[in-house]
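Hi,

Here is the structure I said I would pass on. Have a look at it first, and my notes follow underneath.

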Amino acid sequence: MTGTERRGDVALHEVTKRFGPTLAVDRVSLTIPHASYCCLLGPSGCGKTTILRMIAGHEEPSSGRILIGGQDVAGLVPAQRGTALMFQSYALFPHLSVRDNVAFNLRMRGVPREQRHREADRMLELVRMTAFADRMPAQLSGGQQQRVALARALITNPRVLLLDEPLSALDEFLRLQMRSELKRLQTDLGITFVHVTHTQPEAIALADLVVVMNQGIIEQAASAREVYARPRSPYVARFLGGQNVIMGKVRDQDGRHALLDGPGGALFRVPLHERRPRPGEPVWFAVRRDLIHLARAGAGAVTAENSLEGLVEAVEYQGSFVKVTLATATGEEFLVNEPEAAFFASPVARGDRALASWQPDQVHLLEPDRAGAGGSPSLTAAA
Amino acid sequence: MRRLVPYLQVAPLATVLLLFLVIPVGMILVVSFWSYDQFDIYPDFILDNYRYIFTSPVTFSIYLKTIYYAVVTWAITLVLGFTISYYLVFHVRNLLWQIGLFLLCTVPFWTSNIIRMISWIPFLGREGIFNQALLATGLASAPLEFLLFSDFAVILAYVHLFTLFMIVPIFNAMARISPTVIEAAVDGGAKPWQVVLHVVLPLSKTGVALGSIFVVALVMGDFFVVRTMSGGQSGSVASALNNEIGLLQYPTAAAGAVVLLVIVTLMVAAILRIVDVRRELAA
Amino acid sequence: MTVGPQGRRPLSFWILTAVFVLFVLFLYGPMSAIYILSFQGPTGGLTFPMRGVSLHWFGALFGQQRTGDFSGSFARSIILALIVMALTLVISLAAGLAFRQRFRGATLIFYAAIASLVMPGLFVGLGIALVCQVLGITPRWWLTGLGAHLTWTLPFGLLIMFAVFNRFDRSYEEAARDLGASDRQVLTAVILPILAPGLIAVALFGFTLSYDEVARSTLTVGARNTMPLEIYAMTNNVTSPALFALGTVTTAISFLAIAVALLTIARITRRRGTGPVRAADPAGAPS
């Protein structure tokens with residue numbers, strides 16, 4: 001692919017994919033800017049890999065359009081799209097040496113042996129695998145195999161690199177190392193990376209654009225900071241972690257704030273911005289774990305607005321902070337990350353009663369989930 | 001266009017099976033209703049060929065004999081096949097050794113059955129190696145007559161030829177049992193024989209069923225082992241059919257083949273009723 | 001493993017080892033006896049003792065005297081086995097590729113193949129002979145004989161292809177397509193080389209099963225016998241060690257085929273550094 005226009009922006013318009021009766025991707029629209037690092041994030045079965053495979057051309061959408069660099073790629077075979085896919089299993093050809101694996105694309109295009117080996121060696125240098133050029137894939141470690149797969153994909157000179165769970169097969173140490181290497185490569189090459197993952201920290205660390213998916217639809221597509229600090233829906237807040245999701249029913253509102261009835265007689269005051277909920281309507285909001293004040297029972301705690309009382313279920317020391325788990329009337333775990341010093345100034349223990357409270361301006365209002373019913377707590381990603 | 005591809009790919013196989021299996025077997029069914037004389041066979045619809053089978057006094061005894069061979073061979077090959085597979089899978093620890101010994105058991109499959117069968121003749125004869133050894137060691141005062149040309153020789157040859165049809169599927173089934181399952185059973189307090197009875201056997205039953213189908217079908221359809229090893233003194237259903245074919249009594253032979261096929265099919269169906277092997281075969 | 005990897009072998013291990021050794025002796029003992037007896041001196045008989053050692057009985061095979069048409073049947077068997085091998089390989093591979101997708105009639109064809117495996121060979125032969133008689137076709141080894149052999153080798157080929165494709169990761173193909181391979185290149189540069197060990201196993205089954213086939217051949221090869229039929233005929237009228245010499249020759253061919261196949265598979269897997277994997281295990285198939 002040596003077109004004059006080498007833009008690697010990817011646009012999906014109302015893309016739907018059905019497998020028989022099941023709807024894997026449901027009218028998804030998304031624009032991934034050129035030369036950005038995009039992570040598709042979600043639990044298994046949410047449709048993220050299907051989207052990746054449709055961009056790559058290994059699946060055709062049931063309906064909708066996909067444009068790469070402004071060009072509709074419908075009906076184009078994978079190699080014509082200017083994309084390269086790195087498979088989760090790496091899919092290195094077991095019968096070819098590392099060098100021949102990397103040179104495979106050139107061999108298919110009829111490039112003479114000498115030249116394609118030279119090219120392959122250049123790519124192996126880029127991923128620091130020169131020393132292993134003559135090995136067979138089975139003789140490499142997982143991390144080495146991945147570098148080879150990367151070199152094999154990059155030799156096609158793609159404008160979009162598609163990565164399917166690229167780090168999932170690696171151990172913790174290698175994962176962190178490869179993570180930063182992927183980011184470095186993306187910046188150096190200046191091409192678009194689309195990376196599918198189910199691990200939230202991976203997406204947050206890498207992506208310019210995080211696309212949070214659930215049951216075939218996009219819950220939120222925004223920068224990493226945005227999805228983490230300002231999740232759009234309860235689902236995003238729970239999946240990204242770091243937040244407590246609370247629901248209350250509107251008792252009253254004055255245009256700027258609403259007063260919500262929470263579980264167990266709790267009262268929450270939340271800022272409304274543009275929203276104007278009707279009385280009785282359920283409203284979800286999130287409060288960051290590290291912005292909650294924890295008061296010990298018997299230390300003058302008063303039940304007031306924006307607080308929840310609960311029983312301490314677990315206390316976990318995390319180094320810079322202490323994670324306290326409360327059982328409250330919400331039915332969900334309520335987590336408080338208290339700075340180490342503050343915690344040990346007046347520690348709590350399992351079985352104590354404690355009161356969690358927060359400031360109204362630290363509340364982040366959520367919209368209902370797009371997929372399914374609003375408050376299913378089954379997908380909590382406790383980090 | 002792309003949707004046509006699998007049909008094109010499977011067409012050669014389908015054609016071969018149609019021309020050389022389905023149509024011929026259909027032909028057997030058709031011809032079983034035909035009449036014949038000593039020169040040719042004639043299209044007809046008569047039941048004489050079947051009437052002959054069901055009224056002949058030999059039919060019952062020859063079926064009894066064939067089923068006797070099948071059951072005894074099945075029992076022996078089952079015990080042997082299970083034991084050998086169990087040994088290879090659970091007692092040979094080195095994978096290379098395991099594959100090597102397994103191949104040792106299966107290599108004869110790729111050699112001539114006839115040669116393997118006739119190799120028993122110098123062994124079992126009146127002056128054969130076995131009798132010579134018995135006389136030399138004084139274990140017998142006169143050569144044993146029953147060794148060759150007897151039911152013993154027939155079943156011995158069957159076991160010799162067909163045990164590997166038991167070993168291979170049982171081995172495959174056992175090799176799929178996760179070692180952790182065995183360890184869990186041992187942790188759960190099972191004695192070795194209890195592990196075999198309550199864990200290994202149930203988990204390898206599809207292999208047992210497949211092997212049983214092979215052995216039963218092979219014995220029921222055999223004509224040359226029984227003729228050679230019994231010295232012509234005994235017969236099976238298939239060898240009787242072979243004789244009728246030799247006499248060009250095709251319609252009678254065809255009717256006999258239909259009856260035997262029905263019986264084999266019923267036996268296979270009975271095995272399949274006990275164990276569902278479809279998933280195993282398709283996997 | 002019934003005991004830990006470092007543990008002492010239990011008594012059952014030694015008992016089962018003894019059973020296994022006896023079984024291997026039972027399997028190979030009689031066969032080895034006839035190989036030895038085929039080197040009998042010219043005056044020797046069908047059993048021990050050996051009266052000298054000679055190649056006399058091998059020579060007798062090539063002389064036309066009592067041993068029938070040895071060279072002709074031998075050549076026919078080899079040629080037929082090679083044709084069957086090639087066809088089994090191509091047809092099984094194509095069918096294996098087809099069965100990876102859904103298509104109408106798949107179940108039917110699958111059960112027909114299994115029926116072909118379990119069907120007594122004599123009946124396949126009888127059926128083909130009847131069709132020939134009705135249509136006025138003369139059975140010939142390269143026509144009806146070939147078809148009869150294929151009904152025996154193809155089910156094995158198909159089952160091996162199932163086992164092989166089961167372990168074949170589809171992402172290899174997608175990776176190749178992603179890297180610009182055409183349909184034909186995907187087949188020749190990726191699928192065939194990766195499946196090579198399994199394909200060699202299919203070829204081994206195709207060759208040896210055809211080369212040794214009796215039951216399906218009797219009524220289908222026509223006037224000119226294949227080697228196993230020649231041997232079968234000899235068991236009735238030849239009572240000299242020439243029979244054993246023939247057995248030794250034909251078994252040597254089988255062993256040669258097995259050795260070539262297994263060594264090639266071993267070489268491929270060693271080259272790939274994949275070690276002893278079950279994919280290279282040709283005998284994983286007759287189930």
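Q253(A) sits across from A258(A) in β12(A). That pair belongs to the antiparallel match of β11 (residues 243–253) of chain A with β12 (residues 257–261) of chain A, which four bridges hold together. Bear in mind throughout that this is a predicted model.

The two strands are part of an open, antiparallel sheet of five in chain A, in the order β13-β12-β11-β14-β20. Its edges are β13 (267–271) and β20 (363–366) of chain A, each of which pairs on one side only. Ignoring direction, neighbouring strands in this sheet are turned by 45° against each other on average.

Chain A has another open sheet, this one of six strands with mixed pairing, and the order there is β6-β7-β8-β3-β9-β10. β6 and β10 (217–222) of chain A are at the edges with a single partner strand each, so one side of each has no neighbour in the sheet. From one strand to the next, the twist averages 15°. Inside this sheet, β3 (residues 37–41) of chain A runs parallel to β8 (residues 192–197) of chain A, with five bridges between them. If you want a place to start looking, C38(A) is opposite V194(A) in β8(A).

Then there is β1 (residues 10–19) of chain A, for which I have two partners to show you. One is β4 (residues 63–68) of chain A, joined to β1(A) by five bridges and running antiparallel to it; here H13(A) faces R65(A) in β4(A). The other is β2 (residues 22–32) of chain A, again antiparallel to β1(A), over seven bridges. In that pairing K17(A) is opposite V25(A) in β2(A). β1(A) and β2(A) form a hairpin with two residues between the strands, and G20(A) takes a positive phi near 60° there.

Over to the helices. In chain C, the axes of α3 (residues 70–98) and α8 (residues 183–211) come within 8 Å and cross at roughly 140°. That angle makes α3(C) oblique to α8(C). What sort of residues make up the contact of α3(C) with α8(C)? By class there are 19 nonpolar and five polar residues, and no charged ones. The crossing of these two helices, α3(C) and α8(C), is right-handed.

Now the empty space. How many cavities of 30 Å³ or more are there? The count comes to three. The largest cavity holds about 500 Å³ and has 28 lining residues, of which N113(B), L218(B), W152(C), E213(C) and A215(C) are closest to its centre. Two or more lining residues come from each of α8 (151–175), α11 (205–221) and α12 (224–229) of chain B, and likewise from α4 (106–118) and α8 of chain C. α11(B) gives the largest share, with four residues. Sorted by class, the lining of this largest cavity is 19 nonpolar, five polar and four charged residues.

The second largest cavity has a volume of about 50 Å³. Its lining takes in L85(A), M86(A), F87(A), Y90(A), A149(A), R152(A) and A153(A), along with A175(C), D178(C) and L179(C). At least two of the lining residues come from each of β6 (83–86) and α5 (142–154) of chain A and α7 (171–178) of chain C. The largest share here, three residues, is from α5(A). By class the lining of the second largest cavity splits into eight nonpolar, no polar and two charged residues.

Last, the largest pocket, at about 1200 Å³. It has 32 lining residues, and those closest to its centre are R2(B), Q101(C), R170(C), E173(C) and R177(C). α1 (5–31) of chain B and α3, α7 and α8 of chain C each put at least two residues into this lining. As for class, the lining of the largest pocket comprises 14 nonpolar, six polar and twelve charged residues.

That's the lot from me. Shout if anything is unclear.

Cheers

Note on methods. Residues are numbered from 1 along each chain as its sequence is written. Chains are lettered from A and ligands numbered from 1 in the order in which they are written. This is a predicted model: local features need pLDDT of at least 70, side-chain atom pairs count only at pLDDT 80 or more; totals for chains, interfaces and linings use all residues. Side-chain values use heavy atoms; hydrogens and water are left out. Axes are lines fitted to C-alpha atoms, for helices over the stretch in contact, and angles run from 0 to 180 degrees between N-to-C directions. Angles under 35 degrees count as roughly parallel, over 145 as roughly antiparallel, 65 to 115 as roughly perpendicular and the rest as oblique. A crossing is left-handed if the near helix is turned anticlockwise from the far one by less than a right angle, and right-handed if clockwise. Ala, Val, Leu, Ile, Met, Phe, Trp, Tyr, Cys and Pro count as nonpolar, Asp, Glu, Lys and Arg as charged, and the others, Gly among them, as polar. On a 1 Å grid over the protein atoms alone, a cavity is a set of points where a 1.4 Å probe fits but cannot get out, and a pocket is an open set with protein on both sides within 12 Å along at least five of seven lines; lining residues have an atom within 4 Å of a point. Grid points are joined across faces, edges and corners, and a volume is the space filled by probe spheres set on the points. Two strands pair if DSSP finds at least two bridges between them.
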